[in-house]
Amino acid sequence: MIHLTNDAEILQQLGTLLFDPLLLNFPGKIRNFLIQQAESESGKTKITIEKALKIFNEYMDDLKSTGVIPELHPSQAQRDVHRRHFSRLMSESFKEAKKKSVLLSVTSKSVLLYGRKSINYIYGTDGKSNRVEIPLHSHGTEMKFPRYEIIDPFDLDYMLRLFRAEKIKA
């Protein structure tokens, strides 16, 4: 998006959006990505990214200079309560989605407890079963939660609603 404009005001607004909400909510991956992008970009795009990174670094320095603020560092028990609450909400949402899923209504479900391979029996046209072994591979997922979701969930939700309401209609 930054490549498509030369307007200084729009570039400034895009830089502001890079800082808040992106860098404030996802400081690790987004910051690393923007550092890589700044090295490969040139011109106004590079300047805009570098300004957003500079503002973020100043923000983090200011945040660290205040010392330890208990509200910004919830206890392990508070984090566990939030994770259990979020897990329960996601579980309920998943159950509702499964009820309405067309794909899950026509496929079978199997649960693998542990092991290195899955064994299935496929019946041929002659009625005999053939054993098929399928080796299992590792699989992982990663989910990043916005920092504001825990610190100030209502303001983040309001900001996201504004972004959805203001989207450009093509």
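Guide: Contact here means heavy atoms within 4.5 Å of each other. Keep that in mind for the helices of this predicted model.

Visitor: Which residues of α1 and α3 meet under that cut-off?

Guide: On the α1 side they are Leu11, Gly15, Leu18, Phe19, Leu23 and Leu24. On the α3 side they are Lys44, Thr48, Ile49, Ala52, Leu53, Ile55, Phe56 and Tyr59. Sorted by class, this contact has eleven nonpolar, two polar and one charged residues.

Visitor: Why is α1 called oblique to α3?

Guide: Helix α3 spans residues 43-65, and its axis crosses that of α1 at roughly 40 degrees. Roughly parallel needs an angle under 35 degrees, and roughly perpendicular needs 65 to 115. The angle fits neither, so α1 is oblique to α3. The two axes come within 9 Å, and the crossing is right-handed.

Visitor: What makes α1 and α2 oblique to each other?

Guide: Helix α2 covers residues 29-40, and its axis crosses that of α1 at roughly 140 degrees. Roughly antiparallel takes an angle over 145, and roughly perpendicular ends at 115. The angle lies between those limits, so α1 and α2 are oblique. Their axes come within 9 Å. Leu18, Leu22 and Leu23 of α1 touch Ile30, Arg31 and Leu34 of α2. Those residues divide into five nonpolar, no polar and one charged.

Visitor: How do you know that α1 and α7 are oblique?

Guide: Helix α1 (residues 8-25) and helix α7 (residues 153-165) pack at about 135 degrees. An angle must be over 145 to count as roughly antiparallel, and 65 to 115 to count as roughly perpendicular. This one does neither, so the pair is oblique. Their axes lie 13 Å apart, and the crossing is left-handed. Leu17, Asp20, Pro21 and Asn25 of α1 make the contact with Leu156, Met159 and Phe163 of α7. By class, that gives five nonpolar, one polar and one charged residues.

Visitor: How do you know that β1 and β2 pair?

Guide: Pairing takes at least two bridges. Strand β1 (residues 117-123) and strand β2 (residues 129-135) are joined by seven, so they pair. The strands run antiparallel, and Lys117 stands opposite Pro135 in β2. Five residues lie between the strands of this hairpin. There, Gly127 takes a positive phi near 90 degrees.

Visitor: In what order do the elements of the chain run?

Guide: The chain has seven helices and two strands. From the N terminus on, the order is α-α-α-α-α-β-β-α-α.

Visitor: Why is the chain called more spread out than a compact globule?

Guide: For 170 residues the globule rule gives 15 Å. The radius of gyration is 24 Å, well over that value, so the chain is more spread out than a compact globule. Along the principal axes, the C-alpha atoms fill a box of roughly 75 × 45 × 35 Å.

Notes. Residues numbered from 1 in each chain as written. Predicted model: local features only at pLDDT ≥ 70, side-chain atom pairs only at ≥ 80, totals over all residues. Heavy atoms only, no water. Helix = DSSP H or I, 4+ residues; strand = E, 2+ residues; numbered from the N terminus. Axes fitted to C-alpha atoms, helices over the stretch in contact; angles between N-to-C directions. Left-handed = near helix turned anticlockwise from the far one by under 90°. Nonpolar A, V, L, I, M, F, W, Y, C, P; charged D, E, K, R; others polar. Rg over C-alpha atoms; globule rule 2.2 N^0.38 Å.
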